[in-house]
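Here are some short exercises on cross-links and charged pairs. Have the structure open beside you and try each task before reading its solution.

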Amino acid sequence: MTNFDDILEEAGKFGRFQKRIFALLCMASMPFAGVYVGVVFQGFTPDHWCHDPGLEQLRENCGLPLEKARRLILPLVNSSAGVLPSQCQRYDVDWNFTDLTCDNLDRDITEAQHAAWPITSCKNGWEYDYEGRESFVTEFDLVCTDAWLVDIFQAILGVGFLVGSVSIGCLADKFGRKVSFLVSNVLNALTGILVAISPNYISLVVFRALHGFGVKGGWMVAYVLITELVGVEYRRVVGVLFQMVFSCGLIVLALIAYLIPNWRWLQVAFTLPYIIFVSYYWFVPESPRWLLSQNNSSKAVEITEALAKENKKTLSKNIKTLKDDNAHSASGSFMDLIRTPNIRKYTLILSFNWFTSAVVYQGLIMRLGILGGNVYIDFLISGIVEFPAAFLILFTIERIGRRLPFATANIVSGAACLITAFIPESLLWLKTVMACIGRLGITMAFEMVVFMNTELYPTFIRNLGVSVCSTLCDIGGIVVPFLLYRLAVIWLELPLIIFGVLAVIAGGLVLLLPETKGVPLPETIDDIEYPNRNKEDTKTSHQLENLLPSDVTTNKEKVVV
């Protein structure tokens with residue numbers, strides 16, 4: 001019996017065929033970046049203040065500058081940034097029945113006069129300093145007492161991600177990778193347009209959740225499909241590069257958001273690629289591994305022969321005996337992830353790292369929208385900073401190992417966040433440098449938790465372990481908007497302190513995990529719970545082999561990562 005990995009030895013492990021499919025599927029990461037953190041631009045909250053219709057006439061009559069008018073109608077309030085004009089209240093004054101004239105408006109109103117005026121909420125709406133641009137915040141007035149609705153907009157996406165990644169993952173196992181990818185993109189195209197034309201906030205949130213349902217699941221299926229088409233030794237490189245395209249998407253997002261001032265048209269720009277992805281029906285094949293798992297050997301052979309032909313390789317007669325070597329493997333349950341001490345420890349530590357990576361990574365990106373600088377330039381720089389992460393990973397994991405770079409990335413990111421929080425604004429360059437180091441560190445940690453997760457579990461619960469632990473990533477995405485936006489109201493740097501503490505703890509916990517470099521992938525729970533015993537068994541076996549004649553010695557190879 002010949003398995004698919006054996007055939008790839010003949011057909012090509014990463015030839016022209018796989019590179020073409022890889023290039024096509026990588027494009028799924030580009031619009032995913034816009035959906036994931038596009039709230040920075042779509043939900044941008046600009047400087048705002050209460051609209052006072054009575055003052056508008058007074059401004060026209062007296063030629064009153066905007067800043068002068070704002071000082072006239074807005075009471076001063078304490079905030080995390082100091083004493084500033086209120087964004088949520090104004091003086092309740094009927095300007096037609098005051099003793100103020102154009103002449104005395106030129107002079108500052110005394111505190112005593114202001115103190116005598118009643119204060120009211122922004123019952124006539126708000127004005128925004130947004131230079132001709134429009135976010136859904138400015139369109140639906142999601143400020144002041146309704147500011148938390150922006151948090152819901154992003155959190156509901158995490159809910160969609162959580163449900164969608166599990167549901168579409170199950171569909172991919174039952175109906176195939178290609179079909180699930182195409183169906184998810186039809187859903188993404190439809191719901192993406194519905195988000196863009198939402199007439200009110202309620203419909204916006206509902207369609208946003210449905211959009212998240214399809215986007216995350218489709219992205220994961222694309223990742224699985226490409227890794228199933230390449231040889232084992234290429235999976236890690238392909239996985240890292242697949243995620244690096246996401247970083248390219250961040251850069252493209254900053255440029256598109258700068259060119260498209262309206263959040264609705266920006267949503268359309270995010271959605272157009274998903275319409276194009278439907279055409280992949282004619283260009284992307286089904287996974288031969290999945291076909292073999294469904295006992296559809298004839299179709300798997302047909303695709304494999306096309307793969308070999310495009311790679312200019314010749315297949316042997318072994319292709320006729322192509323079978324799935326995992327068809328009769330045992331399946332695990334959730335209890336297998338927590339039943340034994342070592343696996344339970346791995347599950348808890350990896351779950352916490354998935355959660356921390358999502359919170360810190362997404363939080364640092366979303367924080368760019370509330371800093372008050374040039375959000376487009378800041379976002380562009382933060383996207384560029386991510387590129388060295390992939391190269392550092394590929395350079396270190398085979399030389400140093402997995403555990404130390406993984407732990408270091410978390411700890412460096414956490415330390416950078418803590419230091420950034422206490423750097424004064426006068427040292428803006430230093431604050432920017434430390435923030436970039438934090439982004440670089442958490443990007444490395446986020447990418448490393450993926451394959452570290454796969455290397456720590458035995459074969460029969462490996463996929464289950466990744467699925468369960470990674471759900472904490474989506475839960476982190478649900479939590480982070482509230483953590484960032486609500487705590488920033490108290491003190492702008494407070495979220496950074498939370499991010500820093502979480503990342504440092506995550507890094508420390510990683511040091512409790514074993515090193516997996518050069519270690520065979522575990523096959524059973526005993527390989528995890530009694531690693532030293534297995535090493536002794538291997539050593540004894542080698543000693544016995546050396547004592548036996550060469551013609552009766554059996555050499556068994558293990559997969560080494």
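Let's start with a residue from a charged pair: Glu310 is partly exposed, with 21% relative accessible area. Here buried stands for under 20% relative accessible area, exposed for over 50%, and partly exposed for what falls in between (1.4 Å probe, protein chains only). The model is predicted, with local features needing pLDDT of at least 70 and side-chain atom pairs counting only at pLDDT 80 or more, while totals for chains, interfaces and linings use all residues. Residues are numbered from 1 along each chain as its sequence is written, and side-chain values use heavy atoms, leaving out hydrogens and water.

**Exercise 1.** Find the salt-bridge partner of Glu310 and place both residues in the chain.

*Step 1.* A salt bridge needs a side-chain nitrogen of Lys or Arg within 4 Å of a carboxyl oxygen of Asp or Glu. Glu310 meets Arg20 this way, at 2.9 Å from N to O.
*Step 2.* Helices (H or I, at least four residues) and strands (E, at least two) are DSSP runs, numbered from the N terminus. Glu310 belongs to helix H16 (residues 297-310) and Arg20 to helix H2 (residues 16-26), so their contact ties together parts 290 residues apart in sequence.
*Step 3.* Arg20 is partly exposed, at 31%.

**Exercise 2.** Are Asp474 and Lys216 buried or exposed?

*Step 1.* These two residues form a salt bridge, with their closest N and O atoms 2.7 Å apart.
*Step 2.* Asp474 sits in helix H22 (residues 462-490) and Lys216 in helix H12 (residues 201-229), so the pair connects parts that are 258 residues apart in sequence.
*Step 3.* Both Asp474 and Lys216 are buried.

**Exercise 3.** Work out the handedness of the disulfide between Cys50 and Cys122.

*Step 1.* A disulfide is a pair of cysteine sulfur atoms within 2.5 Å. The sulfur atoms of Cys50 and Cys122 are 1.7 Å apart.
*Step 2.* The torsion about their S-S bond is about -50 degrees, so this disulfide is left-handed.
*Step 3.* Cys50 is buried at 0% relative accessible area, and Cys122 is buried at 8%.

**Exercise 4.** Which cysteine does a disulfide join to Cys88?

*Step 1.* The partner is Cys144, with an S to S distance of 2.0 Å.
*Step 2.* The torsion is about -95 degrees, so the bond between Cys88 and Cys144 is left-handed.
*Step 3.* Cys88 is partly exposed at 31%, as is Cys144 at 22%.
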